[in-house]
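Student: I have a structure open and I'd like to practise reading it. Can we go through it together, one question at a time?

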Amino acid sequence: MNDETSNEAIDSDEGRELVGRRLFLQSMGKWSGAAIAAAVLGSAWIAFPPEAKLAPGSIDVAVTAAADGSTESVGAGEDG
Amino acid sequence: MPQEAYQSLRFLPTPVAEREDERPFVAVVRSQKELCRLLLESPRGPEWLQVEGLLGDPDVWALAAHSASQVPLDVVLSHPATEFSDLYRLVDVCAVREVRVSVPAVPGFLKAVKLAASLRLPVRVLPGQPTSEVLAELTEALGFYLHGAMVETPVEFFHSLLAAACGADTGSLWMILEEDPAAFLHYDAEGHVELPRSLGFRLAEISPEAFVAHHFHNLVEQGAECATCPWQQACRGYFKWPDPAYSCAGVKQLFSIIDAAAGEIEHDLASREGQSNLTASEEEN
């Protein structure tokens, strides 16, 4: 899943830009992969709950971040 | 259950959870028998299981690693300084389901954070109102999260605060730490709503949706330091609960470090952009 979503992200200009920024920060060796994910992706990487289906108007942050596969994949999938 | 709770994710003790309807809930599990019933017999899946005080029981994790159910687990450590080495028991569990480790910020908790991160498990540090001893450890944990070469998984609450400092809309610490009653309602065994970190203190006249705003408004009205705090949007009085007299000098240092890291990352990225532009114009010439 991680590879698929990463490829989807890379296919767009925005995705390429995100990956470029992440790789640049990684090349500095100054930041952890998790910190880079938080900073570059511009949204929280909440690995939990992965499939929460809450009522409308409830925790938008957790639900959208968890439902967004690219959020999960770019930070977690490519280095490990 | 009160009507206003219907939009929130409810955290229910297992005996209450087993009588539940279709609304989303998290089951709080405190014994091997409860876990067994929920993994093997529960007709409706909870969003996840919050497993408390069971890390020391190897049979629990053998069951969790071999059950067909894929319901995620949030493993809450009770004594992270002494039980951290039991985190290895979760390795096999991760192969079949999502696992997160929740660690109360008590002396010695950093050992659990480091081991969980090295096992590539997402971590949620529960800061409460940290003592000065714990604040020193939180600062070390933050450095580990920001700069540890092998840290690839999020360490909350640092992770979402850093994202917020970089412009993301993550909500306040109440939301990040799943303690805002507007979104996360915790129930006791009698089915009454409990306020976070308040041991049986119940919501009375205030609706769950209004709790954080009401708490923050009271703090400002009573002249608390929140009124002029640069991190009031991210915090909303989180560290002034339940004791409103708690001094935030130490936690402000944590916010400062996160803010500085966000600024440095932004600077690093801007330098990279400048270099790219320079290279492009040199190539044109």
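Student: Okay, where does Pro242(B) lie?

Tutor: First, the ground rules: this is a predicted model, where local features need pLDDT of at least 70, side-chain atom pairs count only at pLDDT 80 or more, and totals for chains, interfaces and linings use all residues. Residues are numbered from 1 along each chain as its sequence is written, while chains are lettered from A and ligands numbered from 1 in the order in which they are written. Helices (H or I, at least four residues) and strands (E, at least two) are DSSP runs, numbered from the N terminus. With that settled, Pro242(B) sits in the loop of chain B between helix 11 (232-235) and helix 12 (249-284).

Student: What is omega near for the peptide bond from Trp241(B) to Pro242(B)?

Tutor: That bond leads into the proline we just placed in the loop between helix 11 and helix 12 of chain B. The bond is cis, and its omega is near 5°.

Student: Which residue follows Glu156(B) across a cis peptide bond?

Tutor: Look in the loop between strand 7 (155-156) and helix 8 of chain B. The cis bond there has omega near 15°, and it runs from Glu156(B) to Phe157(B).

Student: Is Arg236(B) buried or exposed?

Tutor: Arg236(B) is in the loop between helix 11 and helix 12 of chain B, and it has a positive phi of about 50° although it is not a glycine. To judge burial, count the other C-beta atoms within 10 Å, with C-beta atoms placed from the backbone: 20 or more is buried, 12 or fewer is exposed, and in between is partly exposed. Arg236(B) has 22, so it counts as buried.

Student: And how many C-beta neighbours does Glu178(B) have inside 10 Å?

Tutor: Glu178(B) is in the loop between helix 9 (173-176) and strand 8 of chain B. Its phi is near 60°, a positive value in a residue other than glycine. Glu178(B) counts as buried because its number of C-beta neighbours inside 10 Å is 24.

Student: Let's switch chains. How many helices are there in chain A?

Tutor: Read the elements of chain A from the N terminus on, and you get α-α-α-α-α. There are zero strands, and the number of helices is five.

Student: Which helix gives the most residues to the largest nonpolar core?

Tutor: A nonpolar core is a set of buried Ala, Val, Leu, Ile, Met, Phe, Trp, Tyr and Cys residues joined through C-beta atoms within 7 Å. The largest one here has 99 residues, and Ala35(A), Val113(B) and Leu162(B) touch the most other members. With eight residues, the element that gives the most to this core is helix 3 of chain A.

Student: How do helix 3 of chain A and helix 8 of chain B lie to each other?

Tutor: Helix 3 (residues 33-41) of chain A packs on helix 8 (residues 158-165) of chain B with axes 7 Å apart, at an angle of about 40°. Axes are lines fitted to C-alpha atoms, for helices over the stretch in contact, and angles run from 0 to 180 degrees between N-to-C directions. Under 35 degrees is roughly parallel, over 145 roughly antiparallel, 65 to 115 roughly perpendicular, and the rest oblique. Helix 3 of chain A and helix 8 of chain B are therefore oblique.

Student: Which residues of chain B is Ala35(A) in contact with, leaving aside its neighbours within four places in sequence?

Tutor: Two residues are in contact if their C-beta atoms, placed from the backbone, lie within 7 Å. By that test, the partners of Ala35(A) are Tyr145(B), Leu146(B), Leu162(B) and Ala261(B).

Student: Is Tyr145(B) buried or exposed?

Tutor: Tyr145(B) is in helix 7 (residues 132-147) of chain B. Its contacts include Ser32(A), Ala34(A) and Val151(B). With 28 other C-beta atoms within 10 Å, Tyr145(B) is buried.

Student: Last one: how far apart are the C-alpha atoms of Leu185(B) and Arg10(B)?

Tutor: Leu185(B) is in strand 8 (residues 184-187) of chain B, and it counts as buried with 26 C-beta neighbours inside 10 Å. Leu185(B) and Arg10(B) are 175 residues apart along the chain, yet their C-alpha atoms are separated by 4.7 Å.
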